[in-house]
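Grab your viewer and work through a few short exercises on this structure. Each task comes with a worked solution, so try it yourself before reading on.

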Amino acid sequence: MKMQPRSRNVFFTDMWALALLAPMILVPILTTNQYYYSLANQALIGLVAALSVYIMLRMDLLSFAVPAFMAIGGYAAAIAAKGGNTNLLLLMALSFAAPALVALPLGALVLRLKGVYFVLVTFVFNEILQLALFETPKLSGGSNGISGVPSVTLLGMDLGTNQGVVYVTLLVAFVATLITLAVTHRYRPEFASIEENETLAESLGLATWRYRTFGFVVAAGVAGLAGFALVNMLMTAHPSSFSSFSGINYIAYAIVGGRGTMLGPVVGTGLLVWSSNLFSSKGEYSAGLFGLLIIVVVTAAPSGLVGTIHQFFKAIRRRLSVSADLPTNSDAATSQPIKGGGP
Amino acid sequence: MMRWPKEQVPSDAAVTLRVEGLSKRFGGLQVFDDIALELEPGGILGVIGPNGAGKTTLINVICGMLSPSAGRILVGSQEITGKPLHVVSGMGVVRSFQQTNTFRSACVGENLARAARFSVGDAEADLGLDTLLEEFGLRQHLEDPSGDLPYGLQKMLGLLMALATQPRFLLLDEPAAGLEVRERVHIDRFVQHARSVLGCGVLIVEHDMELIRRLCPRILVLEAGRVLASGAPAEVLARREVIDAYMGESEEEKC
Amino acid sequence: MESFVSTGVIGLSLGTQYALLSLGFTLIFGILGVINFSHGGFYVLGGYVAYSFSHLAGVPFAIAVLLAALACAVLGYFVELLLVERHVNDHLTTMMITLGLYLIMTTGTLVVFGPEPAEFPFPVSGSFRAGGFFVPYSNLIVLGVCMLVIAVVYLLMYKTRFGIALRAMADDREVAIAQGLRPAQMFPMAFALATGLAGLTGALVTPILALEPHVGESVLAKSFMVVILGGLGSIGGATIAAFIVGIVEAYSSVYLGGSKGALTLFILVLAILVVRPNGLMGSEARKA
């Protein structure tokens, strides 16, 4: 199917997201500064979680359940690693599959609900999972979590060094980005139609529930990957890493950056992780400043930073093309045939 | 593209849309009761009636947006009663909407592409849409967002999108509503095209009596949820009880 | 047996608290279509305002509670007027705005009052005892006050012109506007009513439970649960669901222990949603 102009634009912008991401690979190469490593890890993990939010937003659904799916993926990987399976690829596959499998029946239940109910239920699901973690100490270590998670290995290499962890996080982010790109582009007409006018889509024959479920499952898997990267970085799986508040953060990354393209979450995550590190000295103020930022962006720039900049350029382009189209006197004279008198 | 098993669509060409004993009630409110109709491939059936007679709800029930309280709907020998909207659409019974209904932020071309993509028809079939796009004045707007188009063009786009799904039966909900008089001939052209090129059966719910007279050899008159009369327009519209039903309505409007 | 009954009374008391809390939340959703993420924040704010008046300024508890409710109502009024009103039709935006507001409120209380729980005891101590039956007076008083307030809210919503107008607005906004009702006037007042209720509940209840900046979050989750169960926008549904949640919570925390009670509750809610996606009494047509 030939790409329509608008999806070409989105694709182009999404490619920018990849382009911005690629240089991150230089971080572990060019420096050994732990501060930068920590920042990079935070940003990359936050990005993957934000991408999970983004996938759902493409269908006009807001999901607070990202930390819950992160927890499922992270804990699954932790348990497997402690059981002796430290192969990186295996753990990545597991951390994607576990939440995806949970999302399948859960999605069947909650995706039928109206958008607003869906939001509330995902919020409640997150709380449920926190409680479940505390109530199943044999599996999850309860309030202590699972500590001493062994480092990840690949082809005999131990990737538990500071650099190794960054490389793992980079790989996770890269894979998650590719998955997001693939899904949001392959099914862009479907997702966009669900986002904009579901009834119309169904009247034309689209089984919207299938695509909603698909999106939900993929988003859960992507979140699981983020959970794995987080657990790997901390070497611990603990309930406090997956609180509702962190869910709010990831939503903010996606919305502040802009929910229309993948570049949005990239920009949003980068900006907000950097600024929260800036404000970390004023730790107690950070939540409030975050809240203020959310309000400002959502009221003044609803399409987020990326979306607003897009609109700005579009408006400029339109103004330029209009002035170029205005006919001058000489044009009018030469283009109009002279009536009465001719061959 | 995701390959999901398609609903079993009857391959028999001479497949009729049949409605039997269809009723719909919302709690205590009976919207319509014991409606029966039949639409053959390539046929046209007009459904008219004063406001509140249940015409739009009838379409909502047949296409699957609402489930009936009683009765059956069949496509050939396949029963589609109570099946959801997208399944009914996949079985070839496609509706249009009374209000303009398009993907407003997408351009005209994208709207039509999505209609083709979401439906189960033959991707290579030439539906003659280009000719219609030209005639309806939509061709020059292929790259324009459909939400920016004037009402009439959006309405026609909606109809073309329904056509793009290669339906067996079209349920048109007041297609002429909101159209200027000079635009209404497009409806004639559209219906003629659907019948001749696709062999579509067309059910038209309408208020425009001239259009009904022009296009429909058979009509059904609905009043207060029941079939008041059926037959050829010239004959039916001359009947006392039909005129009374409409007079009653216009009396109310005068108040 | 006595503990069964006294747990039941505590469950009822919890039920009335949740009912008061969720009424406001469901009102805002029903009338404005807004999911108010700052709901828990107003609860906490109400607690702190009452605390400030009663413990730092020596104002009698009852007056402090009323002042807290008033303060939250006024704040809610202006929040709606200045922030929410313009975006009232965009669900995502209003959610984000109230979310941002919640973060600001939490930070504000954290900065002003510190993270430690505040020393805010209920003015009446001791318990009612009869045989083995044992219920703290505070619970009984709160039960009584909450029931009174709920009754007042019902009266307001069903017997006054203002309340009837609000419900008309919730039922069918277009028709209500056609009848001459003005959303721009009514929405801020509806919001204020809801936040005032949240503040009132906070002022009343935090002396019993706990007052520190982060209790808002679990309050929000509880409110969500109640309104999901009862059906968003349904006042009756929210009330019934609140009592169900309160009673289940009381009994399961006494007889099951730990947070198993809360877990059971959540799973119960999910199960009910399977059967009735609109909640117990929700009336909105669900997504096709």
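The exercises below deal with a predicted model, and they go from one chain to a chain contact and then to two helix pairs.

**Exercise 1. Work out the fold pattern of chain C and how compact the chain is.**

Start by counting elements: chain C has 11 helices and two strands. Next, put them in sequence order, which gives α-α-α-α-β-β-α-α-α-α-α-α-α. Now for compactness: the radius of gyration is 19 Å, and the globule rule also gives 19 Å for 288 residues, so chain C is as compact as a globular protein of that length. For the outer dimensions, the C-alpha atoms fill a box of roughly 60 × 50 × 35 Å along the principal axes. Then check the inside: 51% of the 288 residues in chain C are buried. Finish with the contacts: of those between residues at least 6 apart in sequence, 77% join residues at least 24 apart.

**Exercise 2. Find which helix of chain A supplies the largest share of the side that touches chain C.**

First, get the head count: 36 residues from chain A meet 41 residues from chain C. Second, list the helices of chain A that each give at least two residues to that side: H6 (115-135), H10 (198-203), H12 (244-257) and H14 (283-300). Third, pick the main contributor, which is H6(A) with 14 residues. Last, sort chain A's side by class: 24 nonpolar, six polar and six charged residues.

**Exercise 3. Describe how H4(A) and H11(A) pack.**

Begin with the geometry: helix H4 (residues 66-82) and helix H11 (residues 208-234) of chain A meet at about 55°, and their axes are 6 Å apart. An angle between 35 and 65 degrees is neither roughly parallel nor roughly perpendicular, so H4(A) and H11(A) are oblique to each other. As for handedness, the crossing is right-handed. Now look at who does the touching: H4(A) brings residues including Gly73(A), Gly74(A) and Ala77(A), while H11(A) brings, among them, Ala223(A), Gly224(A) and Gly227(A). By class, the contact has 14 nonpolar, four polar and no charged residues.

**Exercise 4. Now do H12(A) and H14(A): what are the angle, the handedness and the residue classes?**

The angle is about 35°, with the axes 10 Å apart. This crossing is left-handed. On H12(A) the contact uses Ala252(A), Ile255(A) and Val256(A), and on H14(A) it uses Phe290(A), Leu293(A), Ile294(A), Val297(A) and Val298(A). Sorting them gives eight nonpolar residues, no polar and no charged. To link back to Exercise 2, H12 and H14 are both among the helices of chain A that supply at least two residues to the side touching chain C.

Technical notes. Residues numbered from 1 in each chain as written. Chains lettered and ligands numbered in written order. Predicted model: local features only at pLDDT ≥ 70, side-chain atom pairs only at ≥ 80, totals over all residues. Helix = DSSP H or I, 4+ residues; strand = E, 2+ residues; numbered from the N terminus. Rg over C-alpha atoms; globule rule 2.2 N^0.38 Å. Buried ≥ 20, exposed ≤ 12 C-beta atoms within 10 Å, placed from the backbone. Contact = placed C-beta atoms within 7 Å. Nonpolar A, V, L, I, M, F, W, Y, C, P; charged D, E, K, R; others polar. Axes fitted to C-alpha atoms, helices over the stretch in contact; angles between N-to-C directions. Parallel < 35°, antiparallel > 145°, perpendicular 65-115°, else oblique. Left-handed = near helix turned anticlockwise from the far one by under 90°.
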